[in-house]
Number of protein chains: 2
Amino acid sequence: MDRKEGKYLYEEIQDIILELVKKGELKAGEKVPSLRSMSKKLNTSVTTVMKAYMELERKGFLESRPKSGYFLKDAEVKTLPLPDATTPIPEPNPVSKFDLVLQLYYSMGSRDSVCLNVAEPHFELVPSDELARIMKKAISSTPNHNAYEFMGGQPELKRQIAYHMLSYNTRVQPDRMMITNGSSEALFIALTILARPGDSVIVESPCFFGYLNTLHALGIYALEIPTHPDKGMDLDALEQSLNRYDVKACITQTNFNNPLGYSIPPENRDRIVEMCSKSGVPIIEEDIYGDLPHDGKRPDTLLSRDYDNVIYISSFSKTLAPGYRVGWLYSERYYTPIFRYKTSTTVDTVRPTQLAIAEFMASGKYARHLEKFRNVCASNVSLFSMAISKYFPEGTRITRPKGGFILWVELPKGVDTLNIYRRAAHERIHIAPGTIFSSQDRYSNCMRLNCAVPWNERTESALKRLGELGKAEIAGK
Amino acid sequence: MDRKEGKYLYEEIQDIILELVKKGELKAGEKVPSLRSMSKKLNTSVTTVMKAYMELERKGFLESRPKSGYFLKDAEVKTLPLPDATTPIPEPNPVSKFDLVLQLYYSMGSRDSVCLNVAEPHFELVPSDELARIMKKAISSTPNHNAYEFMGGQPELKRQIAYHMLSYNTRVQPDRMMITNGSSEALFIALTILARPGDSVIVESPCFFGYLNTLHALGIYALEIPTHPDKGMDLDALEQSLNRYDVKACITQTNFNNPLGYSIPPENRDRIVEMCSKSGVPIIEEDIYGDLPHDGKRPDTLLSRDYDNVIYISSFSKTLAPGYRVGWLYSERYYTPIFRYKTSTTVDTVRPTQLAIAEFMASGKYARHLEKFRNVCASNVSLFSMAISKYFPEGTRITRPKGGFILWVELPKGVDTLNIYRRAAHERIHIAPGTIFSSQDRYSNCMRLNCAVPWNERTESALKRLGELGKAEIAGK
């Protein structure tokens, strides 16, 4: 079923049910509102509502119990344990595995695959049509929509972002903000300013493979810190590394980390900021998933704790429009070198997409979209988790992200997810193998899955198939 | 007078006259078609045509002579001599003057100025509205217009570019092409692959200040070659430098060079390609003005002479849409490192603008636009040259570009264009001072002017004012 302009009834019902979950009025495994009460609420016939409930059952969102009605599906998720804290060797390490990352990028081309490899919200899950309409309006009302933007980005967009950031207690000056080609360019610029080839930079372990890709390109060493899947970097290990090595920066994804999904607890945030400041090590905080808390409570930032030592980067690629390439970089201390560096690389960021996002925010649509998309993320992460617990081999562990749409799956020791990655790719199912999330020889039994794809039989079959490939790996040993 | 959807009669008449010039049927200073014949041709009244002729006279395009009719204005342009060949010291030189370049970028913000500093076609001179319509169509018909593009760029755009390049005898494989955020990113990637900090790279002298900005950011030395304003680099100097120094690349703007305007003669192209190949020095050829020959004859490329050793870069920023940030990079030898480097910096290029340009090309609109815009460039360069010969101090020299829209003006020795630059900026007239076009202490009596702005009284007044400031400089010595 295509999702077009209108909203299907089953989606509307799903929203209503998720809203109840959010309010704490309904829990997984409990009975959802009856057909009759829902038909009254929506002013439509019981038969129509029943069809929608059946569709939601087919999608694995509800389950029907004979003579009892419909229940919110939950199942065995809660029984799968969290992965243990990781144990990388916290020493500077050169980055390799470049070719694998390239393979991953090359395999992204085919749109007819089940793409669980890239962290990209599927276009059907974000308001792509509405965004297109806004873009049309924005370029129509801007005669020079195709001119250079200059000055570090579209001024209204910078104001809108600053206003949005206030909602999570982070107060920035728009004229110290640089709009970038996604957060990847922001990270690249920040690293280029802070470190030189041969220098070392702290990262979480595992960390987003794109970080390692950039470190490799710049000849910078990765110093990986042991990390807990529920609260982030081990603070003792961080402190020791800061004391022992001359590191040039500390990169962290504070909120709904990629790949582990944690949000760093407030007291740990305080400690990280304090330790880095004391050691004179700037923090690069990436916050691209922060707008997607499953419980609707937007966490704050390290930047709000230290406007001098924290370089903040984010983008709209995970929440709205990956292909618009609109991200931003904020640093009060480094604004001038950032501006200088931007003028000597890509010079300027695309104008029409900046105009569109500024208008999307100004009209209040971005805030409304986030409300909805958070629920989709929560629901999909839950559906993925259920399927994994059902189909994957015994001994599998998964993370429990409180936001975003990324799951990290740890299979039993000895399973090589590179084999699964390769075999699945032949069947047009794409995953990100764990090994590329470290500069060390680690996480070969892990994989990262993007849950921001439409949940349907095809997606569920893909997870089932991945589970089978996992079991076959174990049987083959 | 605003230029909107429709075409004003005077523009239509200007096109007809320029067409005659192009065909060699009319020369500057000669009588243009009579009012009567033009009114017949356009099927409109003599009075209406006369109004248009008067408008063209007001714009400095025609001049009326009592009892003789209207003549194509030419005037004293031809009497202004070309600048001499330049004489930089052809030795590796570190790049500084960064702050001046930054000042220039900062001063680009205000749209209510006369901006002759940036090499940007004014949005009224390119079909901005038509492009907006095409973009709307393109994003409407692409449900996932906001998704990541990946794979080095939008496939249809790459095919269209490859097809377009065939028109100038340059045959490329679309799957070896990388779409970039303008040609600036293309240059940045190429240099990062070829050279490391402390290495040297050959550039023309003067050269586009953006090159020097990028060399500075990468810590690469500039080796400036003496350059003739009519045929480019001095080949003997080039050969000596290639023999004497370990240079990592040679950057050249073959066609309608920025800032000097020359197009390298065919025999020199052969020699450059041969010498660099023999020395094992890759050529980075930038061809962003090549589509804008004033006589309609699109020159070929160095790439067409050596597909192995030439890295070709170009963009749509000078011909159509600066703010779309769509450029490209082509190299058969370096495609894999280019892809690798792109994935570790900006990862991906904006999708909607790629879709729009692909559609603009596929519909034949780009080719038709170029036909028209070339004439606008020719006409504006001519009008600027006339005004300069009229208003600038005695002893001024200017280039005679055969394409593009850039003029290089050399004032008498002793004049410091930095003073003119600063004083003019206070009056909201912006120019690019000559000194930033070299890593050495040169060209302080030169300035670069962007002629791709609407020609009107305000533009002419700005040139008059610049001439006065030049004269004041001389008087003040």
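These exercises, each with a worked solution, treat a predicted model of two chains, A and B.

Residues are numbered from 1 along each chain as its sequence is written, and chains are lettered from A, with ligands numbered from 1, in the order in which they are written. In this predicted model, local features need pLDDT of at least 70 and side-chain atom pairs count only at pLDDT 80 or more, while totals for chains, interfaces and linings use all residues.

**Exercise 1. Symmetry**

Find the turn and shift that lay chain B on chain A, and say how the two copies are related.

Step 1. Superpose by least squares on the C-alpha atoms of residues with pLDDT of at least 70 in both copies. Chain B falls on chain A with an RMSD of 0.3 Å. The turn is 179° and the shift along the axis is 0.1 Å.

Step 2. The two copies are thus related as by a two-fold rotation axis.

Step 3. Look along chain B for the C-alpha nearest the axis. It belongs to Lys136(B), 2.7 Å from the axis.

Step 4. Compare the touching surfaces. 100% of the contact residues of chain B recur in chain A, so the same surface serves both copies. Here, two residues are in contact if their C-beta atoms, placed from the backbone, lie within 7 Å.

**Exercise 2. The interface**

Describe the side of chain B that touches chain A, by helix and by residue class.

Step 1. Count. The contact takes 53 residues from chain B and 53 residues from chain A.

Step 2. Locate the helices. Helices (H or I, at least four residues) and strands (E, at least two) are DSSP runs, numbered from the N terminus. Those of chain B that each supply at least two residues include helix 4 (98–106), helix 7 (182–194) and helix 12 (351–362). Helix 5 (128–140) is also one of them. Helix 5 of chain B gives the most, with seven residues.

Step 3. Sort by class. Ala, Val, Leu, Ile, Met, Phe, Trp, Tyr, Cys and Pro count as nonpolar, Asp, Glu, Lys and Arg as charged, and the others, Gly among them, as polar. The side of chain B that touches chain A has 26 nonpolar, 19 polar and eight charged residues.

**Exercise 3. Sheet and hairpin**

Work out the strand order of the four-strand open sheet in chain B, then study the hairpin of strand 1 and strand 2 of chain B.

Step 1. Two strands pair if DSSP finds at least two bridges between them. The order in chain B is 13-14-17-16, and the pairing is antiparallel.

Step 2. Find the edges. Strand 13 (397–398) and strand 16 (432–433) of chain B each have a single partner strand, so one side of each is left without a neighbour in the sheet.

Step 3. Check one pair. Two bridges join strand 16 of chain B to strand 17 (residues 446–450) of chain B. Ala432(B) stands opposite Arg448(B).

Step 4. Turn to the hairpin. Strand 1 (residues 62–65) and strand 2 (residues 69–72) of chain B pair in the antiparallel sense over four bridges. Arg65(B) stands opposite Gly69(B). Three residues lie between the strands, and Lys67(B) takes a positive phi near 65°.

**Exercise 4. Buried or partly exposed?**

Classify Asp300(A), Phe256(A) and Arg325(A) as buried or partly exposed.

Step 1. Set the rule. A residue is buried if 20 or more other C-beta atoms lie within 10 Å of its own, exposed if 12 or fewer, and partly exposed in between; C-beta atoms are placed from the backbone.

Step 2. Asp300(A) has 17 C-beta neighbours inside 10 Å, so Asp300(A) counts as partly exposed. Asp300(A) lies in the loop between strand 10 (283–286) and strand 11 (310–315) of chain A. Leaving aside neighbours within four places in sequence, Asp300(A) is in contact with Tyr168(A), Asn169(A) and Thr170(A).

Step 3. Phe256(A) has 26 other C-beta atoms within 10 Å, so Phe256(A) is buried. Phe256(A) is not a glycine, yet has a positive phi of about 55°.

Step 4. Arg325(A) has 33 C-beta neighbours inside 10 Å, so Arg325(A) counts as buried. Arg325(A) is not a glycine either, and has a positive phi of about 50°.

**Exercise 5. Cis peptide bonds**

Place the cis peptide bonds that lead into Pro206(A) and Pro259(B).

Step 1. One joins Ser205(A) and Pro206(A), with omega about 0°. Pro206(A) is in the loop between strand 6 (200–205) and helix 8 (209–218) of chain A.

Step 2. Another joins Asn258(B) and Pro259(B), with omega about 15°. Pro259(B) is in the loop between strand 9 (247–252) and helix 10 (266–279) of chain B.
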